[in-house]
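Q: Could you take a close look at one part of this model with me? I would like to see how its helices pack against one another, and how a sheet elsewhere in the chain is put together.

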Amino acid sequence: MKEEWVIKNGKLLTMDGGRRADWIAVSGGKIKDLGTGDGYRAYLSPSTAVIDAGGCTVLPGFIDNHFHLVITALGVQWVSLEGVRNFRGIGKRLKAAQAKNPGRPLIAAKLEWENLEERRMPDRTVLDRYCKNTPAAVYSADYHLLSLNTCGMLFFKIPFTLEGIGLDCGGIPTGIFTGRAGAKLDTNILASFTEEDLSRAVEQIMPELFRLGLTTVAAMEGGKMNMDFRRDRDADFLYRHGDRYPMTMELFYPTTDIEMVTEMGLRRIGGALYIDGTIGARSAALSEEYADLPGARGFLCIDPEALKAFTAECCRRNLQVSFDAIGDKAIDAALDAFAYAEKVCGIRDLRCRIEHAEMITKKQMERAKDLSIVLCVQPAYEGRWGGAGRLYEQRLGSRYKTTNPLRELFDRDIVVCGGSDSDVTDPNPLTGIHWAVNHPVEEHRITLEEALKMYTCNGAFALFKEKEIGTLTPGKNADLVILDRDLESTEAEKIKDTNVVLTMKDGEILYGRGEYAEI
């Protein structure tokens, strides 16, 4: 494998203060130089491989700041219910999977039940029609609702003493679970996978992630329905084995056990540490009730006073802490905790974070800016649920026009990075970039350059890695991608059609399409 590279005839968006170039030289895994014209000739030698970018865009390697790596890897093997329109469609896919692997428990995911003709999650009686003698589990797209057939309820063991068990008018479990019962079942289901299963799944998904141009992810393991907040098997797996893989994985451990994280030598805590739930499950904590369920305002998963004490102790230990907060009430709880920690610990550059922050208010933006909070947002949520007539409007009424206000966040100079929350949404960074530029609510749209920042330089800053990656700058790691077009000349509505043709990580080509694969 060549260690010296020159990429020429490209349109380099360096993400480094607006600097442009049309060639870049790489040596020893680092960016050696870049410029315009024929200056690259000084770096040509018999050991140098030359790549002609053909006038296409060259960018820093993409950084996804909210990625569930293990569940994304496992989910490739599950039954995808994406795009189904009714219970019959669910049954067809379950039957096909059952015929392919007879006798094995079935796990299905990505069900957007609010788009079904029936407008509800399938209960056990529905699932029993199609899959009676094999355990079956069906997750909603946001992983906050779970349906089991009767066989699955017996196989995965219902936690009868926990809240969150759906009951019919006769007091019999419907097979639909949420809350702590759902979390326990979620743990039981995932415990059926061995460490060898996890290892194989992660190994197999790596080529696909490199095909998408990903070079670094913030591993937000755990989450799903699990609100245990103690040990997490997925996080433990990456802690032990993450170095096996060429992808850079920055682990946020989803626990309230500060001592354990400190002993593990980790510098980050939280990530998938829920303060509230999701809009789809009506569990995101709102200050006003849901439009389609009067009286419901969601709930907080962690007591606000306990949250303050926890955050302060994290800061004392110099841990970067991140909370998962979607509703405005939950965002207030997170900001209150960060303000309290600043008061008792003093100002420190810990780059504390809020994940999602979908319903952040103007006042909360001001507080986030004053506290130097980093916001990690998921623009692809708007592609899946945003806009008139879709889930956000169903749940929130006219407030759907306030979700993910990216334009104002950038105008206030808040550091905003991007993530996919994969596998809740497509792990392709260009999908997130597309929806940031094409937000369904026009006033929230940002420029292409701003959207790219979320997945490059801002993403590096959010992980304390701005000295290593995030821009095409001499001396930094040679993490970069070549696209199949000049992105700046691409119509906004066609950004999502863009593909990566080459991904380089630390100076090594990990994905190359067409002529790039031969180098």
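A: Happy to. One definition helps at the start: two strands count as paired if DSSP finds at least two bridges between them. Please keep in mind that this is a predicted model.

Let's begin with the sheet. Six strands form an open sheet in the order 9-10-11-12-14-13, and their pairing is mixed. Strand 9 (79–80) and strand 13 (165–167) are at the edges with a single partner strand each, so one side of each has no neighbour in the sheet. Further in, strand 11 (residues 136–140) and strand 12 (residues 146–148) run antiparallel and are joined by three bridges. One residue to look up here is V138, whose bridge partner in strand 12 is S147.

Two helices lie across this sheet. Helix 2 (residues 87–100) covers strand 9 and strand 10 (106–111), and runs at about 145° to strand 10. Helix 5 (residues 179–190) lies across strands 10, 11, 12, 13 and 14 (173–177), at about 65° to strand 12.

Now to the helix packing, with helix 10 (residues 328–345) as our guide. Helix 9 (residues 304–316) packs on helix 10 at an angle of about 45°, with the axes 8 Å apart. The two helices are therefore oblique to each other, and their crossing is right-handed. On the helix 9 side the contact includes L307, A309, A312 and C315, which meet helix 10 residues, among them A333, A337, F338, A341 and V344. Sorted by class, this contact has twelve nonpolar, one polar and three charged residues.

Helix 10 also packs with helix 11 (residues 362–370), at about 25° and with axes 11 Å apart. Angles under 35 degrees count as roughly parallel, and that makes helix 10 roughly parallel to helix 11. This crossing is left-handed. From helix 10, D328, I331, D332, L335, D336 and A339 take part, meeting Q364, R367 and A368 of helix 11. The class count for this contact is four nonpolar, one polar and four charged residues. D336 is worth selecting in your viewer: D336 appears in the contact with helix 9 and also in the contact with helix 11.

Finally, the aromatic rings. The whole structure holds ten aromatic pairs. One of them is F323 with F338, a tilted pair at 5.5 Å centre to centre with 35° between the planes. F323 belongs to strand 18 (residues 320–325) and F338 to helix 10, so the pair ties together parts 15 residues apart in sequence. F338 is also one of the helix 10 residues that meet helix 9.

Definitions and conventions. Residues are numbered from 1 along each chain as its sequence is written. This is a predicted model: local features need pLDDT of at least 70, side-chain atom pairs count only at pLDDT 80 or more; totals for chains, interfaces and linings use all residues. Side-chain values use heavy atoms; hydrogens and water are left out. Helices (H or I, at least four residues) and strands (E, at least two) are DSSP runs, numbered from the N terminus. Contact means heavy atoms within 4.5 Å. Axes are lines fitted to C-alpha atoms, for helices over the stretch in contact, and angles run from 0 to 180 degrees between N-to-C directions. Angles under 35 degrees count as roughly parallel, over 145 as roughly antiparallel, 65 to 115 as roughly perpendicular and the rest as oblique. A crossing is left-handed if the near helix is turned anticlockwise from the far one by less than a right angle, and right-handed if clockwise. Ala, Val, Leu, Ile, Met, Phe, Trp, Tyr, Cys and Pro count as nonpolar, Asp, Glu, Lys and Arg as charged, and the others, Gly among them, as polar. Rings of Phe, Tyr and Trp (its six-membered ring) pair if their centres lie within 6.5 Å; planes under 30 degrees apart count as stacked, over 60 as edge-to-face and the rest as tilted.
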